[in-house]
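I opened this notebook to record what I looked up around the ligand and among the packed helices. The entries follow the order in which I looked.

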Amino acid sequence: MNSDIHNFHRMEINDRRNIIKELSNLNENDMNIMNNYVDENSFDMIENVYTLMSLPVGIATNFRINGSDYLIPMSIEEPSVIAACSNGAKYARICGGFTAYSTESIMRGEIEIYNIPDIELAIIKIMKEKNKILEMANTRSKTLSRLNAGAINIEFKIINNEIILYLIVNVKDAMGANVINTMLEYISGCIENITGGKTNLRIMSNLTTERITYAYAKFDGNALGEEIVDRIIMANNFAKNDIYRATTHNKGIMNGIDAVLLATLNDFRAEEANAHAYASINGYKPLTEYAKDNDGNLIGSIRIPVAVGTVGGATKTSKKAQLNMKILGIRDSNEFANVLASVGLAQNFAALRALADEGIQKGHMKLHARNIAISAGATGSKIDKIVNTMLDENNISYSRAIELLNGDKNGKL
Ligand code: MEV
């Protein structure tokens with residue numbers, strides 16, 4: 001499979017669909033889902049439903065990660081993101097693509113214990129019963145126990161007169177929230193008995209400092225030019241030293257990651273919280289790093305906590321999300337995390353490249369003008385005509401688009 005699809009963005013939508021079908025080995029059922037299908041299950045997914053939102057889903061091209069090519073579905077309302085991401089992947093592809101690695105899926109659940117008669121003694125008592133507590137927690141997931149995973153350790157923190165008990169769990173290919181919360185609620189009575197205290201919150205943590213993904217890419221120095229390479233490194237140093245810039249820098253990373261999470265119906269808020277908390281552990285910092293190698297190439301890397309699953313979760317309820325997972329073609333949660341971190345790096349590189357060169361407004365305004373033309377009611381070939389006129393006139397507005405459309409009725413376009 002080759003994800004370097006020439007002129008994909010210029011193709012008609014049906015040609016794009018056929019290419020995706022061929023490259024992802026989709027069947028007729030998949031194509032029916034892709035073409036029109038309304039996910040009826042979505043009506044039952046949440047409460048008080050009265051309608052469904054539709055978001056566009058595009059493909060990021062050019063991705064090569066750990067030697068394999070990927071078509072990456074992304075769902076987002078912001079123009080330019082998918083084009084930029086594909087463009088970032090193209091610069092990396094020249095030098096072999098991305099190399100990524102994810103650690104094991106180690107997560108933490110927390111139990112808050114208060115009203116404890118003797119805190120130090122309570123901790124000793126829990127430690128003595130540690131194996132029993134872990135065994136008890138592991139009765140909640142036969143799958144994890146079978147895989148020799150599940151709850152593996154207990155740690156503590158004392159705050160004021162409370163003990164925070166950390167249950168450390170290897171959740172393998174799950175995102176982990178459900179299984180951890182179930183374990184915590186199940187063992188909390190036992191914890192109360194052992195400590196003589198009361199338990200308050202019992203909830204997994206969205207900060208996953210032990211579930212980290214690393215991605216690396218060499219971006220071709222010849223294609224970039226020496227000045228841009230230097231300016232990207234300069235921009236990264238700017239982010240390291242200015243929290244206002246670091247926030248926007250990391251927002252750009254999450255543009256890509258969230259869009260893939262949304263297309264596959266994963267909890268992007270969890271990943272947002274995770275990434276930004278991790279970025280702030282030693283004072284808020286950019287999640288990526290850049291340097292120049294001896295041949296003048298730009299070396300980019302990202303280190304980011306990624307807690308995503310390939311089993312369980314909402315993905316299974318939505319046929320469209322399942323289709324997007326099939327197009328993505330990943331086998332397990334580590335591979336999924338590798339893709340997400342690579343997308344984050346590509347997205348960040350592409351933003352920095354554009355910002356360090358021509359700026360982002362030119363491309364952005366074109367897409368913005370397109371959205372305005374469509375919202376004013378333009379269709380087919382009229383969209384481009386209105387966009388080009390508004391760009392030429394440097395007057396991109398809804399009222400001008402309406403004027404041009406009305407003028408068109410009088411044969412002016
Ligand atoms: C816009 O959605 C994202 C950027 O602002 C990211 C960045 O500045 O690095 C372009």
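Entry 1, terms. Before listing contacts I fixed the term: a polar contact is a pair of N or O atoms within 3.5 Å. I also noted that this is a predicted model.

Entry 2, polar contacts of the ligand. I began with Lys251, where an N or O atom of the side chain is 2.7 Å from an oxygen atom of the ligand. That distance is within 3.5 Å, so I entered the pair as a polar contact. Next I looked up Arg245 and found a polar side-chain atom 2.7 Å from a ligand oxygen. For Asn255, I wrote down 2.9 Å between an N or O atom of the side chain and an oxygen atom of the ligand. I then checked the area: the ligand taken alone exposes 300 Å², and the protein buries 84% of that.

Entry 3, the shell. Which elements give two or more residues to the shell around the ligand? I found helix 10 (243-263) and helix 13 (333-356). Helix 10 supplies the largest share, 6 residues. I listed the residues that surround the ligand: Glu78, Arg245, Thr248, His249, Lys251, Gly252, Asn255, Ala351, Leu355 and Ile360. Sorted by class, the shell holds 3 nonpolar, 4 polar and 3 charged residues.

Entry 4, helix 10 and helix 13. Since both helices had come up at the ligand, I looked at how they pack. Their axes are 8 Å apart, and the angle is about 135°. Helix 10 and helix 13 are therefore oblique to each other. I noted their crossing as right-handed.

Entry 5, helix 10 and helix 11. I stayed with helix 10 and turned to helix 11 (residues 268-279). The two pack at about 155°, with 10 Å between their axes. Helix 10 is therefore roughly antiparallel to helix 11, as the angle is over 145 degrees. This crossing is right-handed.

Entry 6, helix 5 and helix 7. Last, I looked up helix 5 (residues 130-138) and helix 7 (residues 177-195), whose axes come within 8 Å and cross at roughly 150°. What does that angle make of the pair? Helix 5 and helix 7 are therefore roughly antiparallel to each other. Helix 5 passes helix 7 in a right-handed crossing.

Notes. Residues numbered from 1 in each chain as written. Predicted model: local features only at pLDDT ≥ 70, side-chain atom pairs only at ≥ 80, totals over all residues. Heavy atoms only, no water. Near = heavy atom within 4 Å. Polar contact = N/O pair within 3.5 Å; in protein donor to acceptor, adjacent residues only side chain to side chain. Areas by Shrake-Rupley, 256 points an atom, 1.4 Å probe, with all protein chains shown as cover. Nonpolar A, V, L, I, M, F, W, Y, C, P; charged D, E, K, R; others polar. Axes fitted to C-alpha atoms, helices over the stretch in contact; angles between N-to-C directions. Parallel < 35°, antiparallel > 145°, perpendicular 65-115°, else oblique. Left-handed = near helix turned anticlockwise from the far one by under 90°.
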